[in-house]
Amino acid sequence: MKVSQQNLREYLHVAASKGIVFERPPTVLAENGVVGDSAFNMQTLSNGGIPAAAAQVIDPMIIKQLFAPTVATQFYDEVKKGDWAATDVLFPRTEEGYEVVAYDDRSRAGSVHTQINWENRRQFRFQTFNEWGDLEQARYGLALIPYVAMKQAAGIEAINRFFNKGYMYGISGSANFGIINDPALPAALTPITTADGKIKWADKDAVAIYNDFKKMFTALAAKNQGLVQETSPMKLGVSPTDNSSLTALNALGTDTAISLIKKTYTNLTVVVIPEFATPAGGLIQLKVESLGNTPVGQCVYTEKMRAFPILVEHSQTSQKLAAGSLGAVIYRPSGIVQMTGTQ
């Protein structure tokens, strides 16, 4: 949504529904702004003279330092549950069973069973603090650098990167887990050793890598008794190194590993996850998107960002930003298989 003064109230309402909270909501976008075609009276004499320093050219393009991308929400959808006042959130994990028998008017045989286990996740609230001085802001302004806007953007980026880390690893010592270490995750499979003793994907050709993927899919399909098929929407999470290995060619040089895989598993999406380059020799996860219309897992937050009021103190200004994460929650562990040892 493009924000304007006319739709500012609607914008703030939508933001709040997504977990972005302004403790002191803005009422106007800008004050005393001069519109480009506004007419105004000049108070100084017209002249063409400028200070020599103003004739220097400053490139306004700002080059940002690049870091690893945040990809947890590419692998699992991100959703909001609860709010920042909650300490724990309980998630139901359900399982159904039944027994049917031949019909008889006087029979009460047969039964339907439902079992529910409750998974507890503890909220982790975190914060960052932003501050800038009046002189500091003015000096950066001489170089055409929007310093305050950059610091505010950096605060949001810090929150997003911590969300990604929490979604991957959870919070140590708390009932808050991640994509890599959720207790419900199944034991990892090992790659197939080829006839010439190769195990790592970097050493294998396309057919050998395809066979490792087939081993993962076979385990996934066997656990779900027909609910998972070759055409089911799936995601394959791999490290950058293993993703590079997916371009390995077959013996004839006609197909890569990923092209062979996608010819059979037509709804597969590959997600490159830097955190999967683990010390244990690399991690690969294959997951189906949903089972029985229930997502296999989600990245869960309580509040995406809570912006506290901007505080002006003499010649410096500051603002606190906070958020809350419940980590990654696995609802259907049978919808995931893992493999380690590919690197």
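In this report a residue counts as buried when its relative accessible area is under 20%, as exposed when that area is over 50%, and as partly exposed in between. The structure is a predicted model, and the account below takes up its salt bridges before turning to its nonpolar cores.

**Charged pairs**

Side chains of opposite charge can pair when their charged atoms come close. The structure holds eleven salt bridges, and three of these pairs are set out here with the separation of their nitrogen and oxygen atoms.

| Basic residue | Acidic residue | N to O distance |
|---|---|---|
| Arg-121 | Glu-119 | 3.5 Å |
| Arg-161 | Glu-157 | 2.8 Å |
| Lys-198 | Asp-196 | 3.7 Å |

Arg-121 has a relative accessible area of 1% and is therefore buried, since that value is under the 20% limit. Its partner in the salt bridge, Glu-119, is partly exposed, with a relative accessible area of 23%. The pair does not stand alone, as Glu-119 and Arg-121 are linked with Asp-182 in a network of salt bridges.

The salt bridge between Arg-161 and Glu-157 lies within a single helix, α4 (residues 147-169), where the two residues are four positions apart, or about one turn of the helix. Arg-161 is partly exposed at a relative accessible area of 29%, and Glu-157 is likewise counted as partly exposed, at 36%.

In the pair formed by Asp-196 and Lys-198, the acidic residue Asp-196 is exposed, with a relative accessible area of 54%, whereas Lys-198 is partly exposed, with a relative accessible area of 35%.

**Nonpolar cores**

The largest nonpolar core comprises 51 residues, and within it Ile-179 and Leu-286 touch the most other members. Helix α5 (residues 206-223) supplies the largest share of this core, namely seven residues.

The surroundings of Leu-286 can be described in some detail, leaving aside residues up to four places away in sequence. Leu-286 touches Phe-213, Met-216, Phe-217 and Leu-220, and its contacts also include Met-234, Lys-235, Leu-236 and Leu-268. Gly-335, Ile-336 and Val-337 complete the list of residues that Leu-286 touches on this count.

A second core, separate from the one that contains Ile-179 and Leu-286, is made up of six residues, among them Val-89, Val-300, Val-329 and Tyr-331.

Conventions:
Residues numbered from 1 in each chain as written. Predicted model: local features only at pLDDT ≥ 70, side-chain atom pairs only at ≥ 80, totals over all residues. Heavy atoms only, no water. Core = buried A, V, L, I, M, F, W, Y, C linked by side-chain atoms within 4.5 Å. Buried < 20%, exposed > 50% of the residue type's maximum accessible area, 1.4 Å probe, protein only. Contact = heavy atoms within 4.5 Å. Salt bridge = Lys/Arg side-chain N within 4 Å of Asp/Glu carboxyl O.
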